[in-house]
Amino acid sequence: MKKVLLGCLAVTLLLSSCVSSKKYADLEAKHKSAQDLLNSATVKLNDCLEEKATASSRLQTLEDQNSFLKANNQELINNMGNLTTLTTKGAENLEKSLESLQEKDLTIRKLNDAITRRDSVNLSLVQSLKGVLGNLDDEDIEISVEKGVVFVSISDKLLFSSGSYNVTSRAKEVLGKVAKVVNNKPDFEFLVEGHTDNVPYRGNGSLLDNWDLSVKRATAVVRILQNDFNVDPKRMTAAGRSEYVPISTTEKSKNRRTRIVVLPKIDQFYSMIEEGMKDPAINK
C-alpha cells in the first residue's frame with residue numbers, strides 16, 4: 001500500500017512538472033513577443049521623438065520668420081504712412097512754391113510794366129525837350145536819361161559869367177524853353193544842381209567859396225524859372241554840389257555846369273504799378 005501511494009505521488013509530481021514547463025515555455029514565448037513589441041515601440045517612439053524635435057525646430061524657425069515678417073510688415077506700414085505724410089507735405093509745399101512763383105512772376109510783370117510806362121513818359125519828356133531846344137549839336141546843352149531819370153545839363157559859360165551867379169540873357173532864352181516843357185508836365189518835380197570846378201573861388205562880396213557859388217547859381221536859375229516863366233516853386237529844389245561831383249578830370253570847363261534833374265514823383269511811380277495791377281493783360 002505504501003508503494004502504491006509513493007507511485008501515485010511520483011506520477012502526480014511528474015504530471016505537475018510537465019504542466020509547469022509548458023506554462024513556462026508559453027510565458028517565455030509571450031515575454032519574447034512582448035519584448036519584441038516593446039523594442040519596436042521604443043524604436044518608433046524614438047523616431048517620433050526625433051521627428052517631434054525636428055518639427056519643433058522647424059516650428060520655431062517658422063515662428064521666428066513669422067515674427068520677422070510681422071515686424072517688417074508693420075515697419076512697411078509705418079513707412080507707407082510716413083511716405084504718405086511726406087508726399088502730402090511735399091505736394092502742399094510744391095503748391096505753395098508754385099503760388100509763390102506765380103505771385104513773384106505777377107509782381108515782376110507789374111514792375112516791368114510800370115518801368116515801361118515810366119520809360120515811355122521819360123522818352124516823351126526827352127523828345128519834348130529836344131523839340132523845344134532845337135539844335136542839340138550845341139555842346140553847352142546835353143540831355144540824357146540815366147537810371148530812369150532825365151537830366152538836362154547846361155554849361156557854365158552859357159548860363160553865367162566867370163565867377164558870377166547872374167543869369168545871362170541867352171541863358172534866360174534856354175531856361176524859357178525848358179520851362180515850357182516842365183510846365184506841360186505838372187506831375188514832375190525837378191532839382192536844379194549847381195556845379196563848379198576845383199579852382200578856389202576868388203571873387204569879392206559875400207560868397208565864401210565854391211559851395212556858396214554853386215548854391216547861388218542854382219537858386220538864381222530857380223528864381224528865373226519861377227519869376228519869369230511861372231514854374232510852380234513847390235515843384236523845384238535848388239542845391240549846390242560845389243566841386244565834388246566832377247564829370248571830367250582833364251577838362252575843368254565840363255565840370256562847371258548847372259544840371260536840371262527831372263524827378264517823377266514817387267507816388268506817381270506807385271500809381272503806375274497800381275494801374276498795371278488793374279490791367280487784364282497783366283493779371284492773366
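In this predicted model, the side chains of strand 2 divide between two directions: Val149, Phe151, Ser153 and Ser155 point one way, Val150, Val152 and Ile154 point the other way, and all of them are buried. This is a familiar pattern, since side chains in a regular strand alternate between the two faces of the sheet. Counted over the whole element, 7 of the 7 residues of strand 2 are buried, and the strand is thus mostly covered. Its partner is strand 1, with which strand 2 pairs in the antiparallel sense over 6 bridges. Within this pairing, Ile143 stands opposite Val152 of strand 2.

Both strands reappear at the largest pocket, which holds about 360 Å³ of space. Its lining comprises 16 residues, and those closest to the centre are Glu139, Asp140, Ser155, Ser253 and Lys254. Strand 1 (141-146), strand 2 (149-155), helix 2 (156-159) and helix 5 (252-255) each supply at least two residues of this lining. Strand 2 gives the most, with 3 residues. Ser155, already met as one of the buried residues of strand 2, is thus also among the residues closest to the centre of the largest pocket. By class, the lining of the largest pocket is made up of 9 charged, 4 nonpolar and 3 polar residues.

Helix 2, one of the contributors to that lining, contains Asp156. Is Asp156 buried or exposed? Its relative accessibility is 7%, and because buried means under 20%, Asp156 counts as buried. The side chain of Asp156 also makes a polar contact, at 2.4 Å, with the side chain of Arg217.

A second pocket deserves a look as well. The second largest pocket encloses about 190 Å³ of space, and 14 residues line it. Nearest its centre lie Ser162, Gly163, Asp197, Leu213 and Arg256. Helix 4 (residues 210-229) provides the largest share of this lining, 3 residues. The lining of the second largest pocket has 5 polar, 5 charged and 4 nonpolar residues.

Finally, helix 3 offers a simple check on geometry. Helix 3 (residues 169-183) has 15 residues, so at 1.5 Å a residue it should span 21 Å. The end C-alpha atoms of helix 3 are 21 Å apart, which agrees with that expectation. Several positions along helix 3 are buried, namely Ala171, Val174, Leu175, Gly176, Val178, Ala179, Val181 and Val182.

Conventions
Residues numbered from 1 in each chain as written. Predicted model: local features only at pLDDT ≥ 70, side-chain atom pairs only at ≥ 80, totals over all residues. Heavy atoms only, no water. 1 Å grid on protein atoms, 1.4 Å probe; cavity = no way out; pocket = protein on both sides within 12 Å on 5 of 7 lines; lining within 4 Å. Points joined across faces, edges and corners; volume = space filled by probe spheres on them. Helix = DSSP H or I, 4+ residues; strand = E, 2+ residues; numbered from the N terminus. Nonpolar A, V, L, I, M, F, W, Y, C, P; charged D, E, K, R; others polar. Expected span 1.5 Å × (residues − 1). Buried < 20%, exposed > 50% of the residue type's maximum accessible area, 1.4 Å probe, protein only. Pairing = 2+ DSSP bridges. Polar contact = N/O pair within 3.5 Å; in protein donor to acceptor, adjacent residues only side chain to side chain.
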